[in-house]
Amino acid sequence: MLNVCSPSAEEQKEIAAALARVPKQPLFGTDFEVSRGRSTLSDMPNILQPGSSTHFADEKSVAIYVRMRREFSVQALFSSVQYSFSNDGQNMVETLVLHVRDPKDLIQVSIEDSASSVTSSEAMLGSNTPASRVRLERFGKSSVALARCLATEGGPAPDQSAYEPLFRSASDVLANYRALLGVKIIVPEELAKISGESRAESKPKTGAKVKGTMAKPTQEKK
């Protein structure tokens, strides 16, 4: 099991090194992707493991999401970046994933944050919500992760003050790519389209035939 609350000194060095290699001013290629949709959730997403502060209900829920992807031009380490925003009615989650071009040891770096959906997506994105989780997927090795951990029934929250520089670094990367990808404009626009499509589906179609009894024609008197 991953020690997400208190990674070892060696794991902290790996996380710091990976975050430091994320390009601050990348050269994007011409190809890109933006998609939106809704999905029925029955299980906790893989990216959210025990230790995350995000709460999920036991019953199935429906999430709306927006995904964006950009390819990097020639870079030393990363080949592409993917951003996703989802809202299941209880929580809003942002995830930024950077894929390594030539995986040898490191495969990808993912950074995540979350907030209660009692606020709007515009408010969450505008406030630059800080990162709450960093994860390194490694080739042929177990993953390395750091997450903000809360108090449990068995004890108080662990002291994670030593990891604040890592959380700050991850938050800076996330904030930078929000701006580079135009997240604050694109995500609310795409979410509004999903809401508009849902309303359109619920409206009765115009020109629909109404069932009824046809009156019998009257007979002419002879």
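At what angle do helix α1 and helix α3 pack, and how far apart are their axes? In this predicted model, the angle between α1 (residues 9–20) and α3 (residues 164–181) is about 25°, and the axes sit 10 Å apart. Angles under 35 degrees count as roughly parallel, so α1 and α3 are roughly parallel to each other. Below is a quick tour of the rest, from the overall layout down to a few single residues.

**Overall layout**
- The protein has four helices and seven strands.
- Going along the sequence, the elements come in the order α-β-β-β-β-β-α-β-β-α-α.
- Of the 222 residues in the protein, 36% are buried.
- The protein exposes about 13900 Å², with carbon and sulfur atoms supplying 53% of that area.
- Take the contacts with a separation of 6 or more: 62% of them are between residues 24 or more positions apart.

**Confidence**
- Mean pLDDT for the protein is 84, and 79% of the residues reach 70 or more.
- Residues 44–54 have pLDDT below 50, yet this stretch has 24 contacts in the model beyond near neighbours in sequence.
- Residues 210–222 also stay under 50 in pLDDT, and here the model has zero contacts beyond four places in sequence.

**The α1/α3 pair**
- The two helices, α1 and α3, cross in a left-handed way.
- On the α1 side, the contact is made by Q12, I15, A16 and L19.
- On the α3 side, L166, S169, A170 and V173 make the contact.

**The loop between α2 and β6**
- Three residues to look at here are N128, P130 and S132; N128 lies in this loop, as does P130, and so does S132. The flanking elements are α2 (121–126) and β6 (133–138).
- N128 isn't a glycine, but it has a positive phi of about 50°.
- With a relative accessible area of 33%, N128 is partly exposed.
- P130 is in contact with D113 and S171, leaving aside its neighbours within four places in sequence.
- P130 and L174 are 44 residues apart in sequence, while their C-alpha atoms are 8.0 Å apart in space.
- Is S132 buried or exposed? S132 has 12% relative accessibility, and because buried means under 20%, S132 counts as buried.
- Not counting residues up to four places away in sequence, S132 touches E112, D113 and S114, as well as L146, A147, R148 and F167.
- D113 turns up twice in this loop's contacts: D113 touches P130, and D113 also touches S132.

**F32 on strand β1**
- F32 is part of strand β1, which covers residues 28–41.
- Its relative accessibility is 60%, and since exposed means over 50%, F32 counts as exposed.
- Setting aside residues up to four places away in sequence, F32 touches R69 and R70.
- F32 and Q82 are 50 residues apart in sequence, with a C-alpha to C-alpha distance of 9.8 Å.

**Side by side**
- Two of the residues above make a handy contrast: F32 is exposed at 60%, whereas S132 is buried at 12%.
- The two low-confidence stretches differ in contacts too: residues 44–54 have 24 of them beyond near neighbours in sequence, whereas residues 210–222 have zero beyond four places.

Key
Residues are numbered from 1 along each chain as its sequence is written. This is a predicted model: local features need pLDDT of at least 70, side-chain atom pairs count only at pLDDT 80 or more; totals for chains, interfaces and linings use all residues. Side-chain values use heavy atoms; hydrogens and water are left out. Buried means under 20% relative accessible area, exposed over 50%, partly exposed in between (1.4 Å probe, protein chains only). Contact means heavy atoms within 4.5 Å. Accessible areas come from the Shrake-Rupley method with a 1.4 Å probe; for residues, only the protein chains shown count as cover. pLDDT is the predictor's confidence in each residue, from 0 to 100. Axes are lines fitted to C-alpha atoms, for helices over the stretch in contact, and angles run from 0 to 180 degrees between N-to-C directions. Angles under 35 degrees count as roughly parallel, over 145 as roughly antiparallel, 65 to 115 as roughly perpendicular and the rest as oblique. A crossing is left-handed if the near helix is turned anticlockwise from the far one by less than a right angle, and right-handed if clockwise.
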